[in-house]
Amino acid sequence: MTDPASHRQIPVLLDCDPGHDDAVAILLALGSPQVRLLGISSCFGNCSVEDATRNIQRVLALAGHAEIPVATGAAGPLLGDAALGNYVHGASGLDGPPLPDPAADVVAEDAVGFLRRMLVESDSPVTVVVTGPMTNVGRLLRDHPEVAPRIAEVVFMGGSTERGNHTPTAEFNTYADPDALDLVLRADVPVRMVGLNLTHQALATPDVVKQMLAVPGVIGQTCAAWMGFFGDSYERLWEFSSPPVHDPCTIAALLDPDVIEWREAFVAVELDGRWTRGTTVVDLHRRYPDQSPNVRVAMRLEVDRYWDLVLAALERLSDRLAGADR
Ligand code: BDR
Ligand code: CA
């Protein structure tokens, strides 16, 4: 029999490229009772798709949730060569503390087939969260546009209202597959964008890391160690004193309607610029009056609220693991 409480949960499919902050997003989703995580698909991005898939499986094993189905996604973008983020996340894509080996196999379908089936089989529309390049979801909506009404919304980490990180103007995820993002922006699905202008407010300060370390057991220790590796990259590459933990902001947006302030705007992604391919163009001041707003854009983060959500989820996962051990 279905648990009646499950009807009040938000059904979520997560498409990601772990990546230290993707890994924290997975843990936030798993540790939040408001979310029903239907499955996770992988994409190239922070590392090769093979490493991203394995990293998802290892994070699920760490959290004691190997039952969540995992599907392998795209090895590269719709057009052009794959950009990889190993220079930020290390050789494995998730360098740092030791992690358990995968505790389950991936599903037989690829990410597009898996996403499509999960959408069709769900009894209510599903929120699709994307925290890597948009390739899998772009391909899904290009090849199976009939599933669009089954998507409650696409919430993605990527782009910026300001500057970029992978290039001076383009954020990594939107740079890695602008053509796929363009397909999604033109599809008939509601879209929320969580860009660098928002996620640079989500800093894992020494105080946050201290609170992670206070979570009993392996979950808190692992997150704190991830922040160490990620923090070193951010200091070396972008002179940040604490790392911005981008990807969990997408999940936090589902958990608490007040954790992020949003603004409706017309958003496009540059496909042709000589220096600006992959840059998001966010029209906050209606400079293109003929273009209607098509995206809700994340603007301001309630920082304490955000970390309270993350830390509470880590505590829940840690309690669950301790209970399973008894
Ligand atoms: C995005 O790129 C990756 O480094 C992170 O996982 C995040 O999704 C930030 O630009
Ligand atoms: Ca990511």
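Q: Helices (H or I, at least four residues) and strands (E, at least two) are DSSP runs, numbered from the N terminus; in which loop is Gly 19 found?
A: This is a predicted model, in which local features need pLDDT of at least 70 and side-chain atom pairs count only at pLDDT 80 or more, while totals for chains, interfaces and linings use all residues. Residues are numbered from 1 along each chain as its sequence is written, chains are lettered from A and ligands numbered from 1 in the order in which they are written, and side-chain values use heavy atoms, leaving out hydrogens and water. The peptide bond that reaches Gly 19 from Pro 18 is cis, with omega near -15°. As for its place, Gly 19 belongs to the loop between β1 (10-16) and α1.

Q: Where does a residue other than glycine have a positive phi?
A: Most residues other than glycine have a negative phi. In the loop between α10 and α11, a phi near 60° is found at Glu 239.

Q: Which residues come nearest to ligand 1?
A: The shell around ligand 1 holds 13 residues, each with a heavy atom within 4 Å of the ligand. By class, three of them are nonpolar, six polar and four charged. Those that come nearest to ligand 1 are Asp 21, His 89, Asn 165, Glu 171 and Asp 247.

Q: How many Å separate an oxygen atom of ligand 1 from an N or O atom in the side chain of Asp 247?
A: Polar contacts to a ligand are pairs of N or O atoms within 3.5 Å. An oxygen atom of ligand 1 has such a partner in the side chain of Asp 21 at 2.6 Å, and a polar side-chain atom of Asn 173 lies 3.0 Å from a ligand oxygen. For the side chain of Asp 247, the distance is 2.7 Å.

Q: How many residues apart are Asp 22 and Asp 247?
A: Asp 17 (OD), Asp 22 (OD, listed twice), Thr 131 (O) and Asp 247 (OD) coordinate the calcium ion (ligand 2) at 2.2 to 2.5 Å, donors being N, O and S atoms within 3.2 Å for Na, K and Ca, or 2.8 Å for other metals. Their spacing in sequence is D-x4-D-x108-T-x115-D. Asp 22 in helix α1 and Asp 247 in the loop between α10 (218-238) and α11 (248-255) link distant parts of the chain, with a separation in residues of 225.

Conventions
Polar contact = N/O pair within 3.5 Å; in protein donor to acceptor, adjacent residues only side chain to side chain. Nonpolar A, V, L, I, M, F, W, Y, C, P; charged D, E, K, R; others polar.
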